[in-house]
Structure formats: C-alpha cells, structure tokens
Amino acid sequence: MERYRSLRSVPSQETLVSTVSNYSAVSLLEIDPTPMDSPSYSPYNKDLPPVPEENLSDSTHSLRSNPTFSSATTTTSLGLSGHGPIYYLMRIQRYSSYAFSLFGSLHLATTSIIPLVARSVPASESYLLLAREIYQTPLSEPILVGLPIIAHIGSGIALRLLRRSHNLKRYYGESHQAPTSSKHKSSSLVRLGWPTFSYIAASGYGFAAILAAHVVMNRGLPLAVEGDSANIGLAYVAHGFARHPVTSWVSYAALLGLGCGHMVWGWAKWLGAAQGAGWHLERHTGNVTVDTQTRKKRRRRLLMINGVSALAVALWAAGGLGIVARGGETLGWVGKLYDGLYARIPGIYA
Ligand code: HEM
C-alpha cells in the first residue's frame, strides 16, 4: 500500500525512470499502455488501477457482469450517461464489424460454398446475382459495406490517437510531452505513448489495403468504365486468373489470408478468447505449476484460434480458388470487355 501511494504521488516522467531502479518487480513500465488488451484488474498491476471506462467496456459481457462498472456509468441530470469518447469509439469499432460480418458471410456463400457445391462457375453465377439484390442496392451497399468499414477503421485510428494522448498525460503529466532530454533518448513507441500495435491491428491494415484493391478491380473499375458492374461476376475473376495467374494468385492469397486471419482473430477478441492466447507467458507468478498451466492454456488458445483461421482460409479457398479460379477464360465480346478492364491497370495486369 505504501508503495502504491508513493508511485501514485509522482505523476511525471520521473515515475517512469525512478521506478525501474527502485521497484524491479512492479513498475509502471510493465503496464500495457493499451487497457483494452490488458487483463482486468489483477494483483500484478495493482500499482495503477485501470481506467474503469476503457477496461470495463472491453466487452458487452463485462458491462453487464462487472459490478464495478456501475461506478463508471454516471447519469447526468439530463439523463445522459457520462461516458467519454473512448467508450463510444470502442463500440463503433465493435458494432461496425458486425455489419461487415453479415456481408462477409453472404460473400463466402456466393463465392466459395455455392461454387463448391455446384462445381461450376456458370451454375453459381445466378446465386451471386441474387445475393447482390441484398447487398448491392443504393441503400444496402453503404449500410452493410462502405460505412461500417469507414467507421471501423476511423474509430480504430481515433482510439489510437486518444489513447496516446491519455498515456502521455498519465506518464508525463500535464505537459503531455514525451521526454526529449538526452537522459531519455529511447524513442520506443511505448515511451512515446503509442498503444501497442497488435497483430490484429496490423492484419487489419493489411486487409484494408488488399480489400481496397479488390473493390477497385471488381466494383470501382467496372462502374467507372462501364457505368455499372452488371457483366461482372465469377467469370470475370476466373478470366483474371486465366490471363494473369501470378497477380491473381498472389492477391487472392493475401486477401484470404489477411481477411480470414483478421476476422477470426477479431471475433476471438470480441468473444474474450484472444486476450489469453499466446506462446509465452505475459507474467511469471514464480510458481512453476501455475506458470506451466497458464502457459499451456495460452498456447492451446493460440493454436485453436490459428486453427479456426486456417479452416476459414481453407473453406474460402476450396470454392474460390479450387473452382472459380480454375473456371478458365471467357470468350467473345464479354472476354474482350474483361481484357479491357484488366488493361486499365497496366503495371499490374500487363
Ligand atoms: C468480421 C469483421 C471484423 C472483425 C470482427 C474485426 C475486428 C477487429 C478488432 C477486434 C480490432 C481491434 C484490434 C486491436 O485492438 O488490437 C480491429 C481493428 C482493425 N480492423 Fe477490423 N474487424 C473486422 C473487419 C475489418 C475490415 C473489413 C477491415 C478493413 C477493410 C478491418 C480493418 C481494421 C483495421 C485497419 C484495424 C486497426 C485499427 C487500429 O487499431 O488502428 N477490419 N478489427
């Protein structure tokens, strides 16, 4: 308790430095700067209790089940709850992914499962057209796809900036400045206040880039050149694989790998499973039996989530790459139209 008080009473960069030498077992440097990733309040981080709003709102489950949350939910005289922007941004990031999951499931069905069952590209084309009636209308396309993606990425970036500013305030006091003196030359991202850049976040940015390319090729380009994408379907993708195999295989492998990995790990995080997954222990208790059991549990979770990701990739690849990619080129004027579209991106589709 004495130590807790003394740490709390030095709210400046000195805290960061002096605690390293004075308290090797418990120091502020050990505290993960991203409360969303850290386990809930535990004896190992009791020197700085987590900010209630961020930590408790990590999942809606914890909102309901954690009795401490009631103290984080204040109601103003106007009847508005007293949540800060981080609370709302976290919810925007979470719920926007639900909308994309709905579209993703439909897309998985029409581009992989149906071709897998029908075993032919032409026989599957009508189901794709049918599904478009649901997700490609002037209203449903922005609601199910465009806006959720913008909200998901935008809230992620806003959360990152806000958390950085909170971290700087917490570590370096009111100046909000990371130390620049020669004594603190280290420019590690943590020292500069940036929240940890998880594998889920990294795969998210990779996924966003390759998905943008996919949307440009399959929706943007036909809209810009033809005025609509009525002639575009599985045959257009099959034609691309037949004419430009290297570019197509590389880009669809990246799309499936990053997309399935991000979505499965993302869902694992929403369900509270990703937080306890890893190869190494995050903290040693000093008790060998407890440490061994915890390590085993973490590894089991890691393998399970990676296993589900691999299964998702395999399922999408079975129909998408196994059937559609091998559908062959389209002949006649439609084939020429496809060639014209691919030729619009000369460096890549030579
Ligand atoms: C099933 C759908 C999805 C789920 C469940 C999901 C889940 C998540 C989760 C849990 C995070 C937080 C990562 C962290 O805090 O470490 C995240 C971040 C991110 N996601 Fe997704 N996501 C989905 C779809 C997408 C899509 C479609 C894109 C892009 C096209 C995307 C791009 C990103 C990016 C760029 C970030 C990083 C934001 C940041 O922290 O800077 N996600 N996603």
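Here is a short chat about the ligand shell and one helix of a predicted model.

Modeller: Quick ground rules: residues are numbered from 1 along each chain as its sequence is written. The model is predicted, with local features needing pLDDT of at least 70 and side-chain atom pairs counting only at pLDDT 80 or more, while totals for chains, interfaces and linings use all residues.

Biologist: Which helix gives the largest share of the shell around the ligand?

Modeller: Residues join the shell if the C-beta atom, placed from the backbone, lies within 6 Å of the ligand. Helices here are DSSP runs (H or I, at least four residues), numbered from the N terminus. α5 (85–118), α7 (140–172), α8 (199–226) and α10 (245–270) each supply at least two shell residues. The largest share, 7 residues, comes from α8.

Biologist: And which residues come nearest to the ligand?

Modeller: The shell holds 25 residues around the ligand. Nearest among those are Ser97, Gly156, Ser198, Gly204 and Gly266.

Biologist: Why do the buried residues of α12 sit on the same side?

Modeller: Buried means 20 or more other C-beta atoms within 10 Å of a residue's own, exposed means 12 or fewer, with C-beta atoms placed from the backbone. In α12 (residues 332–342), the buried ones are Tyr338, Leu341 and Tyr342. They share a side because they cover an arc, taken from the directions from the helix axis to the C-beta atoms, of only 95°.

Biologist: What is exposed on the other side of α12?

Modeller: The buried residues of α12 have cover that includes α8 and α9 (234–243). On the other side, the exposed residues are Gly332, Trp333, Lys336 and Gly340.

Conventions. Two residues are in contact if their C-beta atoms, placed from the backbone, lie within 7 Å.
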